[in-house]
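Work through the exercises below with the sequence and the model open. Each task is followed by a solution in steps.

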Amino acid sequence: MQLKTTNIVKNEGFKVLRVKYQKETDAPREIFVKQFTMKFHKNTDEDRPENRTLLMINVPPFVTKDHINHLFRNSGAIQKIYFQEKPSLQTASTVYNKIQQLDLNENLSKNKKKLSVEDFFPDSNEIFAYKVAYVVFKKPSGLVNSIKMTETEKYFFLQSANDEDDKWLTGVKLWQKQYNDSIHDTSSLRKIAQTYLNDCEKEYQNQERKELNKAKTSSEPNSDGWITVNRKLRRDRRALVDDAFNDQKIEEKYHDRDRKRKLDAEILDETIKPILQNKINPLFKRFLSVKNVRVRFAPSPTGFIHLGGLRTAFLNYLFAKKHNGKFLLRIEDTDKDRIVPGSFENIVETLKWSGLVPDEGPTFGGDYGPYIQSERNELYCEMINKLLNGSKVYRCFCSSKRLDLLRREATKNRETVRYDNRCRHLSSEEIDQYLNDNRPYTVRLKLKPGAMVINDLVFGSVSYDLVQLEGDPIIFKSDGTPTYHFANVVDDHFMRISHVLRGVEWLVSTPKHLMLYEAFGWTAPQYAHLPLLINQDGSKLSKRNNHLQIEHYRQCGYYPETIMNFLGQLGGGLSKLYDSDPNRIFTLNEQSRFFDLKTMSQNYCKIDPDKIKSLNSIYLKDLFQNDFKRVHRDFLIFLEQKNLQILDHQSDDYVEKILKWSSNRINSLNDLFTDEFLFLWVQPSLTWSIDGFGTSAKNLENILIKTKQYLSNRMDSKQFFDQKLILTKLREFHGNEIELKFNKYMQLLRFALTNLKVGPPVAESISLLGQHRTLQYLDRSIAYIQTKENKSND
């Protein structure tokens, strides 16, 4: 709603609300706020009640309702927000008109410089406009709390909850960027036009050469009135004939040339005009239309999110961000019997972890909620009653027993199981009688016979004749709740979904949805069905497989960037990014910029777990080199989750040392907690056999005791970090004190320190563990041998 300017608002009592647009900036801004009051009591405003309305002045023009909601999120629920542009300055809304008025033909003939902000705003001061906002709270306490925000010295961040801190584009820059991107290929049109003009010029030159050659070999006057004199009269000279004849020829020549040039210009115009209409104008229209893109990820809380579900969310997110649209989360929980506790929380947490943060949804807010289907049943009941007043649906009073008999009969006869549409033909008297008898009923949709064509953005033109596949489907159940198909269509309409991107398994259901849109008289969104994901061997995916569960990858220390780039390589859509370098890790912003539905594949996509591991290894190595602090922070979180104690007093230094050592040895952070590396954090339970060394248990015990004494007496704590020195000392000690062969001695120390038969070299293990851990591990191994020895004696 756009409010008219009023001159009866009191102008006193404003307070200052200090805000910042970005966290890293030191430059604050001031917004002036006050309670909205009228000068005279007889003046009233139903849309802006005085006891609940906050007046804001000096609001930047590109601030949206999302930003205002986020700013006052702790003050109270907001009922409505109105914006009024400041009339004295030009604001962002005029950009639309300027783009519409842009003369594409004129710009085509100019230089190749790309359009910039200055092309829309010759005066740079025009960009810095402001507007007025009226914030209407649901309760008076919200107004009071919002004004109290001016009493603190702290700054509030004027950003939406979904804005990236370092990527918040203003409205003008965003419009400008998208407009430039939409016409970036006009250089090809210039080349076409220039090539045509060059060809025309060459043709003129060829014609002039022909006329000149003809004149040289002819005694007749040429078009200019000249003749070539033969050699007998005068070599290389020309004579002018009658002046009148010459003037006439010259006039005719230039008249013909002008006529030809006008004709060529018309031909050129006819050549360029369709190019402009077929190339630039659709791009321009597409730019204007995509500003309202709204897509949704609508999972059912029947299990934890897996790769297939996250791929759907991922592609919806990329499509929304590419077109400056909105990405919604909607929970479809109509099937109460299949709901898995904790799955809703897992869906929300996984989207946050992966960076696919919804613009709207449960826990995220939005103007089109509630975003959980079980909370929208009142709307569904209203909509089904609307359809019952028409002729597109009907009540079905068939009992479950009758439907079961139909099912059994069809199975027995090896026929397609479907409803026989019996209740479609009930008379109005029969229907009234059943209703009076309080007989329970469902509501079914009347399927239209014949093939229905679906214009899918991925699979192209696809047609289904549902009448040949099934009977009239139930869209509303007898318990007063909708089926998936009905709720899906109603929600998509009222949430203003413009594009539906979902798995190809829903393609066969799309005709039902289109019939429902037709029954309501609504405009259907555009559909894009995504190729199916399958296992490496071609089998169907199973939710029981660990390599499908996102939670599995999170617990194994995989990074979300790895998963997002793996999904980006499934089924096309981002081939421009990955064709040249499939192992490179791109950001979500880069992926959204290059995402193109037109390049999506229609073929099945095989999931290769080894590819995920490889990508994570590559990304982890890159983080070790460029963002070691992040690796260190993430690993400390892992340590806390594993509930392992670090024995060193300087635990951060020890962790940093182990991480740097392991950078080329692990594929994920979780690898450091496998049996191969567990000794780095705690001494594993000792299970190695004391047999096979060719000596007694007592002798093994004495060897470890002497080794411990030697290391503690002959080496200080700093020397324990020198791997070469450790090996030299051990060889020296072995040669003087130990009768056991050196390779057996090394095997004994490896067992004592790591409980591993195969592992890192002993000297390297000691240098990693340090003095304190090494001596402690040797003590425990000595005790382990003593226990074994005592048991054998018993």
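**Exercise 1.** In this predicted model, determine how strand S1 (residues 15-20) pairs with strand S2 (residues 29-35) and with strand S6 (residues 156-157).

Solution.
- Step 1. S1 and S2 run antiparallel and are joined by five bridges.
- Step 2. Within this pairing, Val-16 stands opposite Phe-32 of S2.
- Step 3. With S6, S1 pairs in the parallel sense, over two bridges.
- Step 4. Lys-20 has Phe-157 in S6 as its bridge partner.

**Exercise 2.** Classify the packing of helix H9 (residues 307-322) against helix H17 (residues 560-568), and describe the contact by residue class.

Solution.
- Step 1. The axes of H9 and H17 lie 10 Å apart, at an angle of about 80 degrees.
- Step 2. Angles of 65 to 115 degrees count as roughly perpendicular, and H9 and H17 are therefore roughly perpendicular to each other.
- Step 3. H9 contributes Leu-307, Leu-310, Arg-311 and Phe-314 to the contact, while H17 contributes Ile-563, Met-564, Phe-566, Leu-567 and Gly-568.
- Step 4. Sorted by class, the contact has seven nonpolar residues, one polar and one charged.

**Exercise 3.** Of the 26 aromatic pairs found in the whole structure, take Tyr-559 with Tyr-619 and state which geometry the rings adopt, which parts of the chain they tie together, and whether the two residues are buried or exposed.

Solution.
- Step 1. The ring centres of Tyr-559 and Tyr-619 are 5.7 Å apart and the planes stand at 75 degrees, so this pair is edge-to-face.
- Step 2. Tyr-559 belongs to the loop between helix H16 (550-555) and H17, and Tyr-619 to helix H20 (residues 609-626), so the pair ties together parts 60 residues apart in sequence.
- Step 3. Both Tyr-559 and Tyr-619 are buried.

**Exercise 4.** Repeat the analysis for the aromatic pair of Trp-688 and Phe-751.

Solution.
- Step 1. The centre-to-centre distance of Trp-688 and Phe-751 is 5.5 Å, with 5 degrees between the planes, and the pair is stacked.
- Step 2. Trp-688 sits in the loop between helix H22 (651-662) and helix H23 (697-714), and Phe-751 in helix H25 (residues 742-754); the pair links distant parts of the chain, 63 residues apart.
- Step 3. The cut-off for buried is under 20% relative accessible area. Trp-688, at 3% relative accessibility, counts as buried.
- Step 4. Phe-751 counts as buried at 10% relative accessibility.

**Exercise 5.** Which residues do ring pairs link into a cluster?

Solution.
- The cluster consists of Phe-476, Phe-486, Phe-494, Phe-520 and Trp-522, linked by ring pairs.

Note on methods. Residues are numbered from 1 along each chain as its sequence is written. This is a predicted model: local features need pLDDT of at least 70, side-chain atom pairs count only at pLDDT 80 or more; totals for chains, interfaces and linings use all residues. Side-chain values use heavy atoms; hydrogens and water are left out. Axes are lines fitted to C-alpha atoms, for helices over the stretch in contact, and angles run from 0 to 180 degrees between N-to-C directions. Helices (H or I, at least four residues) and strands (E, at least two) are DSSP runs, numbered from the N terminus. Angles under 35 degrees count as roughly parallel, over 145 as roughly antiparallel, 65 to 115 as roughly perpendicular and the rest as oblique. Contact means heavy atoms within 4.5 Å. Ala, Val, Leu, Ile, Met, Phe, Trp, Tyr, Cys and Pro count as nonpolar, Asp, Glu, Lys and Arg as charged, and the others, Gly among them, as polar. Two strands pair if DSSP finds at least two bridges between them. Rings of Phe, Tyr and Trp (its six-membered ring) pair if their centres lie within 6.5 Å; planes under 30 degrees apart count as stacked, over 60 as edge-to-face and the rest as tilted. Buried means under 20% relative accessible area, exposed over 50%, partly exposed in between (1.4 Å probe, protein chains only).
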